[in-house]
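Reader: I've got a protein model open and I'd like to learn how to read it. Can you take me through it with some questions and answers?

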Amino acid sequence: MKSQKDFVLDKFRRNIDSIDRRIVSLISKRFEIVRRIGTHKATHGLLPCDKEREKEILARLAQQCALQQIDAALVTSIFKLIFRSSKHEHARIAQRRKHV
């Protein structure tokens with residue numbers, strides 16, 4: 001039989017599971033837009049990387065982290081990974097368009 005503390009822990013874990021599902025859904029939506037941007041950049045001969053835009057995003061996120069008392073280094077690491085994946089997707093789209 002589960003104890004009260006086990007039920008509390010289970011509730012916390014279900015909340016985290018729900019949040020994780022929303023995070024994945026938001027990442028999916030973000031990458032739908034990333035693909036549209038990649039197509040636009042490939043069509044118009046734009047570079048897949050915009051370092052200024054990345055700096056602006058990271059600065060904005062650092063401010064948000066400070067307000068919400070979240071480790072900015074963690075969020076920065078996550079978003080750098082997202083940026084890297086986005087650039088890879090843009091490059092893949094550009095390469096595919098060259099062969100069409």
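Reader: Which residues form a nonpolar patch on the surface?
Author: Keep in mind that this is a predicted model. Look for a patch with about 250 Å² of accessible area together. Its members are Val8, Leu9 and Phe12.

Reader: Is Phe12 buried or exposed?
Author: Phe12 lies in helix 1. The cut-off for exposed is over 50% relative accessible area. Phe12 has 51%, so it counts as exposed.

Reader: Okay, now the inside. Which helices supply at least two residues each to the largest nonpolar core?
Author: In soluble globular proteins, nonpolar side chains tend to be buried together. Here the largest nonpolar core has 10 residues, including Phe31, Ile57 and Val75. The helices that each supply at least two of them are helix 1 (4-43), helix 2 (51-68) and helix 3 (72-98).

Reader: What does Val75 touch, if I skip residues up to four places away in sequence?
Author: Val75 belongs to that core of 10 residues, as do Leu61 and Cys65. With residues up to four places away left out, Val75 touches Leu61, Cys65 and Ile70.

Reader: How are the rings of Phe79 and Phe83 arranged?
Author: A pair of aromatic rings is described by the distance of the centres and the angle of the planes. The count comes to 1 aromatic pair. The ring centres of Phe79 and Phe83 are 6.3 Å apart and the planes sit at 65 degrees; over 60 counts as edge-to-face, so this pair is edge-to-face.

Reader: And what separates Phe79 and Phe83 along the helix?
Author: Both sit in helix 3, 4 residues apart. Phe83 is buried too, because its relative accessibility is 5% and the cut-off is under 20%. As for the separation between Phe79 and Phe83, it's about one helical turn.

Reader: Let's do charges. How many salt bridges does a search of the whole structure find?
Author: Side chains of opposite charge can pair when their charged atoms come close. One of the bridges joins Asp10 and Lys2, with the closest N and O atoms 2.2 Å apart; Lys2 is partly exposed at 44% relative accessibility. The whole search finds 5 salt bridges.

Reader: How many residues apart are Lys87 and Glu54?
Author: Lys87 forms a salt bridge with Glu54, and the closest N and O atoms are 3.2 Å apart. The pair links distant parts of the chain, with Lys87 in helix 3 and Glu54 in helix 2. Count along the chain and they're 33 residues apart.

Reader: Is Glu54 buried or exposed?
Author: Its partner Lys87 counts as partly exposed at 22% relative accessibility. Buried means under 20%. Glu54 has a relative accessible area of 14%, so Glu54 is buried.

Reader: What separates Arg92 and Glu89 in helix 3?
Author: These two form a salt bridge, with the closest N and O atoms 2.4 Å apart. Arg92 is partly exposed at 36%, whereas Glu89 is buried at 12%. They're 3 residues apart in helix 3, so the separation is about one helical turn.

Reader: Which residues are joined into one network by salt bridges that share partners?
Author: You've already met the bridge between Lys87 and Glu54. Shared partners tie those two to another lysine, and the network is Lys51, Glu54 and Lys87.

Reader: Last one: what is phi of Gln69 near?
Author: Gln69 is in the loop between helix 2 and helix 3, and it's exposed at 75% relative accessibility. Its phi is positive, in a residue other than glycine. The value is near 55 degrees.

Technical notes: Residues are numbered from 1 along each chain as its sequence is written. This is a predicted model: local features need pLDDT of at least 70, side-chain atom pairs count only at pLDDT 80 or more; totals for chains, interfaces and linings use all residues. Side-chain values use heavy atoms; hydrogens and water are left out. A nonpolar core is a set of buried Ala, Val, Leu, Ile, Met, Phe, Trp, Tyr and Cys residues joined through side-chain atoms within 4.5 Å. Buried means under 20% relative accessible area, exposed over 50%, partly exposed in between (1.4 Å probe, protein chains only). Contact means heavy atoms within 4.5 Å. Patches are made of residues with over 30% relative accessible area and no salt bridge: like charges are joined within 9 Å, nonpolar side chains (Val, Leu, Ile, Met, Phe, Trp, Tyr) within 5 Å. Accessible areas come from the Shrake-Rupley method with a 1.4 Å probe; for residues, only the protein chains shown count as cover. A salt bridge is a side-chain nitrogen of Lys or Arg within 4 Å of a carboxyl oxygen of Asp or Glu. Rings of Phe, Tyr and Trp (its six-membered ring) pair if their centres lie within 6.5 Å; planes under 30 degrees apart count as stacked, over 60 as edge-to-face and the rest as tilted.
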